Amino acid sequence: MIEVKNLVKKYGNHLAVDHLNFTIEEGHIYGFLGPNGAGKSTTMNIMTGYLSATSGTVRIAGHEMLLEPEEAKRHIGYLPEIPPVYPDMTPREYLRFAGELKGVARGKLEAEVERVMELTGITSMHRRLIGNLSKGYRQRVGVSCALLGDPEVIILDEPTSHLDFGNQFRFIQLVEKLQALGIGVLMTTHFPDHALYLGCDTVILDKGEIIASGNARDVINDENMSRIYRIDAHIVEIDGREICVPF
């Protein structure tokens, strides 16, 4: 579905992304772990067409992002770390506006807005101003926007970083729901627990390089995890659920 080959991004002499290679399949969840400055957001911005690469290619559903950006973007949805929502609009108004910008057919727009609000659990909030919603609901409005047009894969950049514990957990449950519907998810996060809970394929980025990849449990146990985070992480089981704790 998404194929990234030899992706490089340089800012002067600084190598932000260092020859990344990976593939994302429809209906799977992928986690990107790494410290601040690892290159996660830069990679996401290149994949979604918001930033150009120095070299390498991003191909989405057979369409190269650089050469066919409009066709490539039809197959993905994107939620940046700070959702670009308008506080003086209601969720319904904002999603109508975003749907028009995305090219959703006018005759299908209302049904599409209803679909994504129901999917993300914000229907009951559709008349409130976005500026009056909690951070958790504002994030869900952002996900709703990413889901407009029924993309095969959505890309979420640090979607839980500004949420409290309860809303983090509910957001991860929403990601599980999306996967159950066959939607692929690529999510960057600082929280190993989220990748572990989802049991997803996971990579660790550091200084623009993939330094470990595989199942979340294996990646968290990898020696590179403790090297870049400067802690030893251990997986323990509480009430039948595995979590990652520092020792």
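**Exercise 1. Decide whether His63 is buried or exposed, and find its surroundings.**

Step 1: His63 has a relative accessible area of 18%. Buried means under 20%, exposed over 50%, and partly exposed in between, using a 1.4 Å probe and protein chains only. His63 is therefore buried.

Step 2: A word on the model: it is predicted, so local features need pLDDT of at least 70, side-chain atom pairs count only at pLDDT 80 or more, and totals for chains, interfaces and linings use all residues. Residues are numbered from 1 along each chain as its sequence is written, and side-chain values use heavy atoms, leaving out hydrogens and water.

Step 3: Now look around. Leaving aside neighbours within four places in sequence, His63 is in contact (heavy atoms within 4.5 Å) with Val58, Glu68, Glu71, Ala72 and His75.

**Exercise 2. Place the strand of His63 in the sheet.**

Step 1: His63 lies in strand E5, residues 63-64. Helices (H or I, at least four residues) and strands (E, at least two) are DSSP runs, numbered from the N terminus.

Step 2: Follow the open sheet: its four strands are ordered E2-E1-E4-E5, with antiparallel pairing. E2 (14-24) and E5 are the edge strands, each pairing on one side only. Strands pair if DSSP finds at least two bridges between them.

Step 3: E4 (residues 55-60) and E5 are joined by two bridges; Arg59 has Glu64 in E5 as its bridge partner.

**Exercise 3. Explain why helix H1 is largely enclosed.**

Count the buried residues: six of the eight in H1 (residues 40-47) are buried, so the rest of the structure largely encloses this helix. They are Lys40, Thr42, Thr43, Met44, Ile46 and Met47.
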